[in-house]
Amino acid sequence: MEEEFKDINAEPENNEENAEQKITRVKLPRHGEVLGIIEQRHGGNKMLVACLDGKNRNCRVPGRLKRALWLRPGDVVIIELWEFDKEKGDVIFKYRPNQIEWLKKNGYLKTEKNEF
């Protein structure tokens with residue numbers, strides 16, 4: 001009886017690049033949350049975010065995420081709206097580039113064409 005053994009030193013079939021490109025789950029906004037794109041930083045933990053519902057909101061980063069989220073203009077984020085003032089919100093999640101491509105491909109995020 002001959003048995004086939006895999007070569008332990010052979011390269012794995014799924015290298016790190018393929019594993020990084022594969023997206024199994026992307027966080028989507030729930031009730032009271034909106035997708036937005038950061039337009040301008042105001043300093044500290046405050047920023048102006050253009051939300052996909054057509055409003056520009058003054059948002060902040062909560063203290064628990066202040067050092068965990070590095071945000072710049074152009075980043076796609078999820079905004080959790082305040083209960084008592086729907087014109088303001090908290091940034092709770094930042095999408096990575098491969099997640100943004102998935103959102104665009106599946107119709108959650110409109111593709112923008114910048115013309116100069």
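**Strand 4 and its neighbours**

User: Which residue in strand 4 is the bridge partner of Leu35?

Analyst: Happy to help, and please keep in mind that this is a predicted model. Strand 1 covers residues 33–43 and strand 4 covers residues 76–81, and the two run antiparallel. In strand 4, Leu35 is paired across a bridge with Ile78.

User: Which residue in strand 4 stands opposite Val34?

Analyst: Let's stay with strands 1 and 4, which are joined by five bridges. Opposite Val34, in strand 4, you will find Ile79.

User: Which residue in strand 5 stands opposite Ile78?

Analyst: Strand 4 also has strand 5, residues 88–94, as an antiparallel partner, with five bridges joining them. Ile78, already met as the partner of Leu35, has opposite it in strand 5 the residue Phe93.

User: How many residues lie between strand 4 and strand 5 in their hairpin?

Analyst: These two strands run antiparallel. They form a hairpin, and the number of residues between them is six.

User: Is strand 4 largely enclosed or largely open?

Analyst: Here a residue counts as buried under 20% relative accessible area. Five of the six residues of strand 4 are buried, so the rest of the structure leaves this strand largely enclosed.

User: In what order do the five strands close into a barrel?

Analyst: The pairing in this barrel is mixed. From one strand to the next, the twist averages 55°. Going round the barrel, the five strands close in the order 1-2-3-5-4.

Conventions
Residues numbered from 1 in each chain as written. Predicted model: local features only at pLDDT ≥ 70, side-chain atom pairs only at ≥ 80, totals over all residues. Heavy atoms only, no water. Pairing = 2+ DSSP bridges. Helix = DSSP H or I, 4+ residues; strand = E, 2+ residues; numbered from the N terminus. Axes fitted to C-alpha atoms, helices over the stretch in contact; angles between N-to-C directions. Buried < 20%, exposed > 50% of the residue type's maximum accessible area, 1.4 Å probe, protein only.
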